[in-house]
Amino acid sequence: MSTDIDERIERLDWAAIGASLDERGYATAPALLIPAECAELIALYERREVFRNRIVMERFGYGLGEYKYFAAPIPPLVAAMRTALYERLAPIASEWTRAMRLGEGFPVALDDFLGHCHQVGQTKPTPLMLRYEAGGYNCLHQDLYGEIFFPIQMTIMLSRREQDFSGGEFLLTEQRPRAQSRGEAITLDRGEAIIFATRWRPVRGARGHYRVNVRHGVSRLKSGLRFTLGIIFHDAK
């Protein structure tokens, strides 16, 4: 797999990403992974030794599909992305945390943040791959695995829209205080990514910032096979 992922992440328009996260609670990134990398990640899915756990969604009422959590050590490309993305997102996450009066923020390096997770028993890697067939979907949810969580995460599309699959839009909803929920459907093609709020995001009001509750999911696939990579920065119990 390519070793220049750090450079690609560095070249992203982080000013625009930060502004979009603050305004809408999510931002998209174009062509972060090349087709060969997407194909190599998909090929890992059938290798049992690469993953620590497999979840069949319908068994738990989560939806229709399945996902697998990577075992430690996670694949080098995924590990490199997780480290580089965290360093860019930590300042934004710290601003959010302070705006919502939830603390002083996050360490600048991923290893230091994961050290805090491990101190409270959150030691299992959370990056994962998700697989949906025609008719599959993912109910609205939040990826929380313990008392410590990072407020931003990323999903990367590995399959080709309208060639490998159709339907299967990425869904985001915001539950605003004393107002009806608002939703968005975002389409991604192979290699593209969405960065979004994990649980809450701050929204400025007349009396300062307030918390908006965010959930995400996937709409029903109309046809084909859809793979995605999820990068979550906190570890799990």
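Reader: What volume does the second largest pocket have?
Author: This is a predicted model, where local features need pLDDT of at least 70, side-chain atom pairs need 80 or more, and totals for chains, interfaces and linings use all residues. Numbering starts from 1 along each chain as its sequence is written, and side-chain values use heavy atoms, without hydrogens and water. A pocket is an open set of points on a 1 Å grid over the protein atoms alone where a 1.4 Å probe fits, with protein on both sides within 12 Å along at least five of seven lines. For the second largest pocket, the volume (space filled by probe spheres on the points) is about 270 Å³.

Reader: Which residues lie nearest the centre of the second largest pocket?
Author: Its lining (residues with an atom within 4 Å of a point) counts 14 residues. Nearest the centre are Thr97, Leu102, Phe106, Phe149 and Pro151.

Reader: How many residues of that second lining are charged?
Author: Asp, Glu, Lys and Arg count as charged; Ala, Val, Leu, Ile, Met, Phe, Trp, Tyr, Cys and Pro as nonpolar; the others as polar. The second largest pocket has nine nonpolar and three polar lining residues. Its charged residues number two.

Reader: How much space lies in the largest pocket?
Author: Turn now to the other pocket. The space in the largest pocket is about 380 Å³.

Reader: Which residues are closest to the centre of the largest pocket?
Author: The largest pocket is lined by 26 residues. Closest to its centre are Tyr67, Asn138, His141, Asp143 and Tyr145.

Reader: How many nonpolar residues line the largest pocket?
Author: Its lining includes nine polar residues and two charged ones. The nonpolar residues number 15.
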